[in-house]
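User: I should like to go through the terms used for this model and learn the reasoning behind each of them. Please set each value against its cut-off.

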Amino acid sequence: MEKTIRTNTVDAFFDAILCLEGKEELYQFFDDVCTTNEVVSIAQRFAVAKMLYEEKTYIEIAKETG
């Protein structure tokens, strides 16, 4: 059976995020639910995804992200 993120728990998590107002509330929320390393890791993955969307090559991404 294929694993999916579409669960009631994930729905509730996303709903909580959508209720947040402003960057400070986001910082507080993620500080409560994630470790610092988890947030930094997600942000790094997002940065790579953005670069891929911008059609940067893996070599360019590696140079920028180290």
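User: Why is Phe 30 called partly exposed?

Analyst: In this predicted model, Phe 30 has a relative accessible area of 22%. Buried requires under 20% and exposed over 50%, so Phe 30 falls in between and is termed partly exposed.

User: Is Phe 29 buried or exposed, and what makes it so?

Analyst: The relative accessible area of Phe 29 is 16%. Because the cut-off for buried is under 20%, Phe 29 counts as buried.

User: And what is Phe 13 called?

Analyst: Phe 13 is partly exposed, since its relative accessible area of 31% lies between the limits of 20% and 50%.

User: What makes the pair of Phe 13 and Phe 30 edge-to-face?

Analyst: Two values decide this. The ring centres are 6.4 Å apart, and a pair requires centres within 6.5 Å. The planes stand at 90 degrees, and over 60 degrees counts as edge-to-face, so the name follows. Phe 13 belongs to helix H1 and Phe 30 to helix H2, so this pair ties together parts that are 17 residues apart in sequence.

User: How many aromatic pairs are there by this rule, and which residues form the aromatic cluster?

Analyst: The count is four aromatic pairs. One of them, Phe 13 with Phe 29, has its centres 5.8 Å apart and 35 degrees between the planes. That angle is neither under 30 nor over 60 degrees, so the pair is called tilted. Phe 13 lies in H1 (residues 8-19) and Phe 29 in H2 (residues 22-33), so the pair ties together parts 16 residues apart in sequence. Phe 13, Phe 14, Phe 29 and Phe 30 form one aromatic cluster.

User: How do you know that H3 and H4 meet, and which residues are involved?

Analyst: Contact means heavy atoms within 4.5 Å. Val 48, Met 51 and Leu 52 of H3 meet Tyr 58, Ile 61, Glu 64 and Thr 65 of H4. The residues of this contact comprise five nonpolar, one polar and one charged. The axes of H3 (residues 36-53) and H4 (residues 58-65) come within 10 Å and cross at roughly 145 degrees, and the crossing is right-handed.

User: What is notable about the phi of Glu 55, and why is Glu 55 called exposed?

Analyst: Glu 55, in the loop between H3 and H4, has a positive phi of about 65 degrees although it is not a glycine. Most residues other than glycine have a negative phi. The relative accessible area of Glu 55 is 70%, which is over 50%, so Glu 55 is exposed.

Methods:
Residues are numbered from 1 along each chain as its sequence is written. This is a predicted model: local features need pLDDT of at least 70, side-chain atom pairs count only at pLDDT 80 or more; totals for chains, interfaces and linings use all residues. Side-chain values use heavy atoms; hydrogens and water are left out. Axes are lines fitted to C-alpha atoms, for helices over the stretch in contact, and angles run from 0 to 180 degrees between N-to-C directions. Helices (H or I, at least four residues) and strands (E, at least two) are DSSP runs, numbered from the N terminus. A crossing is left-handed if the near helix is turned anticlockwise from the far one by less than a right angle, and right-handed if clockwise. Ala, Val, Leu, Ile, Met, Phe, Trp, Tyr, Cys and Pro count as nonpolar, Asp, Glu, Lys and Arg as charged, and the others, Gly among them, as polar. Rings of Phe, Tyr and Trp (its six-membered ring) pair if their centres lie within 6.5 Å; planes under 30 degrees apart count as stacked, over 60 as edge-to-face and the rest as tilted. Buried means under 20% relative accessible area, exposed over 50%, partly exposed in between (1.4 Å probe, protein chains only).
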